Amino acid sequence: MDAYTLQVSTAMASAIMFLTLLSLYLSSNRNRCLVDWSLSGLFFFISNCIGLLSYYGPVPYILGPALANMLYLLAHLAIWVGIRRHLGLLPRWDVAILASLALFICHYVPGLLDTITNRLLIIYPLLMVINLSVLWVLIRAVSKAPDYHIAYFPLMFAEVIFFTQQFVRFLVVVFDQQLPLTKAGDEFLQTSGSLAVLAFLSLVNMACGLIVFRKQEIALRKASHTDQLTGWMNRGALDTVASEAFDAGKQGNSDFCIVMIDIDHFKKINDDFGHQFGDMALKHVTKLAQESMRTSDHLFRYGGEEFLLLFSGEDVVNLHLLSQRLKQRIENSPLEFKGHSIPLTVSIGIAKQERDDPHWEELLHRADLALYHSKRQGRNQVSFHDGDAPILLEARPSF
Ligand SMILES: Nc1nc2c(ncn2[C@@H]2O[C@H](COP(=O)(O)OP(=O)(O)OP(=O)(O)O)[C@@H](O)[C@H]2O)c(=O)[nH]1
């Protein structure tokens with residue numbers, strides 16, 4: 001393929017990137033990083049179009065190389081800005097624009113960028129630094145959010161490819177400073193550059209779309225596993241989390257315990273004060289419970305006014321103390337409503353994984369039996385199922 005055709009293909013690939021990512025943004029209308037990335041496509045496109053103009057005659061210096069190089073750098077920086085925005089960091093368009101403007105101005109500093117060789121020796125390292133920055137941000141992100149592994153790899157791969165070819169071209173220019181000026185050198189640099197940009201743009205286009213799809217998928221999965229009223233996980237997520245904790249417990253890694261909490265006389269609360277107040281009571285109790293938890297983030301709304309706390313590696317005596325404290329706290333924190341102070345209490349059942357339990361639901365069943373024991377014993381109580389029978393626990397642990 002001749003250099004002109006390659007340049008046309010690259011311009012088309014950048015236009016496709018611009019339009020694809022922009023339409024993705026307009027259809028999802030949430031991920032602003034898509035705007036950054038589509039702008040990147042636009043900058044690549046304009047920069048390429050200026051390159052194409054040179055095939056039809058001399059191009060004014062302000063357009064090519066000055067503006068073309070500035071936009072080329074800005075296009076790479078826009079990818080960096082977008083990935084920062086996606087990760088919740090400050091996007092830093094200010095840095096991107098200032099750096100690109102500085103490069104533009106440098107084209108007018110005598111002796112700095114006025115030869116092709118000088119331009120290549122200065123711009124290549126700049127691009128490599130941007131590639132490495134994107135890579136660095138992604139590597140750090142992957143270690144913090146393993147859920148995104150697969151989605152980040154294509155972009156990382158694109159940056160590695162671009163960095164490598166840029167590095168090789170840089171070395172070639174360093175060792176043969178006359179090369180860019182010869183016919184063969186000019187063709188080599190143009191062809192390899194256009195091919196690399198073509199591959200890079202196609203990969204980046206796909207990679208950015210993938211990152212956004214993954215983000216939406218994770219958000220949807222989270223929403224489908226979250227109870228909207230309390231923000232705790234719902235029953236849909238329970239089996240996965242409990243099975244994992246149960247299997248770890250079975251291998252002797254850590255004791256797995258379930259604490260089941262049920263608000264007392266909740267029907268009466270609804271009947272006396274209305275469903276809206278009932279909802280407030282549910283939020284009130286879960287907020288107090290959450291504040292009382294030290295470690296477990298496995299908080300589930302199991303049913304209407306029933307909640308489960310899953311603990312791994314927590315001693316039963318500690319759980320007893322924690323449950324007593326929680327029960328006491330809820331009892332001492334009445335809910336204020338229209339000038340009234342409405343008392344709330346909870347009954348609690350605790351169960352611990354036994355060696356011969358075949359499934360985590362066995363443990364859930366014992367926690368349920370313990371909870372109903374607390375109810376039968378007058379409510380506002382804590383009971384523990386020791387594997388044989390539920391026993392009411394005193395305010396201070398006796399085992
Ligand atoms: N406000 C509100 N009420 C709910 C929600 N989900 C379930 N409920 C109500 O919770 C009540 C549960 O009542 P019961 O199962 O009889 O239990 P209880 O009245 O707490 O009695 P004990 O558990 O024996 O102390 C029912 O009236 C449900 O309608 C909810 O999301 N919001």
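1. Start with strand β1, residues 256-263. In this predicted model, β1 is mostly covered, with eight of its eight residues buried. Phe 256, Ile 258, Met 260 and Asp 262 point one way from the strand, while Cys 257, Val 259, Ile 261 and Ile 263 point the other way. Both sets are buried, so neither face of β1 has an exposed residue by the cut-off used here, 20 or more other C-beta atoms within 10 Å. Note that Asp 262 is in the buried list too.

2. What does β1 pair with? On one flank it is β3, in the antiparallel sense, over seven bridges. If you want to check the register by eye, Ile 258 has Leu 310 as its bridge partner in β3, and Ile 261 stands opposite Phe 307. Seven bridges also join β1 to β6, and those two run antiparallel as well. There, Ile 263 stands opposite Val 346 in β6.

3. Now β3 itself, residues 306-312. Five of its seven residues are buried, so the strand is largely enclosed by the rest of the structure. Its other pairing is with β2 (residues 299-301), antiparallel over three bridges. Leu 299 is matched with Leu 309 of β3 in that pairing. A hairpin of four residues takes the chain from β2 to β3.

4. Put the strands together and you get an open sheet of six, in the order β2-β3-β1-β6-β7-β8, with mixed pairing. Which strands stand at the edges? They are β2 and β8 (390-392); each has a single partner strand, so one side of each is left without a neighbour in the sheet. From one strand to the next, the twist averages 20 degrees. As background, strands of a sheet pair through backbone hydrogen bonds, either parallel or antiparallel.

5. For a parallel example, look at β6 and β7. Strand β6 (residues 346-352) and strand β7 (residues 382-385) run parallel and are joined by four bridges. Ala 351 has His 385 as its bridge partner in β7. Helix α11 (residues 316-331) lies across β1, β3, β6 and β7, and runs at about 170 degrees to β6.

6. Next, the ligand. How many residues surround the ligand? The count is 17, and the closest are Asp 264, Phe 266, Lys 267, Gly 278 and Gly 304. The elements giving two or more residues to this shell are β1, α9 (266-273) and α10 (275-292). So β1 turns up again here, alongside two helices, as a contributor to the shell. By class, the shell has four nonpolar, five polar and eight charged residues.

7. Away from the sheet topic, helix α2 is worth a look. It covers residues 33-53, 21 residues in total, and reaches 31 Å from its first C-alpha to its last, close to the 30 Å expected at 1.5 Å a residue. Of those 21 residues, 17 are buried, so α2 is largely enclosed by the rest of the structure.

8. A few backbone spots to check. Most residues other than glycine have a negative phi, and most peptide bonds are trans. Against that background, the bond joining Gly 64 and Pro 65 is cis, with omega about 15 degrees. Pro 65 is found in helix α3 (residues 62-86). I'd pull that bond up on screen.

9. Two residues have a positive phi without being glycine. Arg 92 has phi near 65 degrees and is placed in the loop between α3 and α4 (93-106). With 15 other C-beta atoms within 10 Å, Arg 92 is partly exposed. Asn 380 has a phi of about 50 degrees and sits in the loop between α12 (360-376) and β7. Asn 380 also counts as partly exposed, with 18 C-beta neighbours inside 10 Å.

10. Last, the start of the chain. Is Asp 2 buried or exposed? It counts as exposed, because it has 10 C-beta neighbours inside 10 Å. Asp 2 is in the segment before α1 (3-28). The C-alpha atoms of Asp 2 and Thr 226 are separated by 56 Å, and the two residues are 224 residues apart along the chain.

Conventions:
Residues numbered from 1 in each chain as written. Predicted model: local features only at pLDDT ≥ 70, side-chain atom pairs only at ≥ 80, totals over all residues. Expected span 1.5 Å × (residues − 1). Buried ≥ 20, exposed ≤ 12 C-beta atoms within 10 Å, placed from the backbone. Pairing = 2+ DSSP bridges. Near = placed C-beta within 6 Å. Nonpolar A, V, L, I, M, F, W, Y, C, P; charged D, E, K, R; others polar. Axes fitted to C-alpha atoms, helices over the stretch in contact; angles between N-to-C directions. Contact = placed C-beta atoms within 7 Å.
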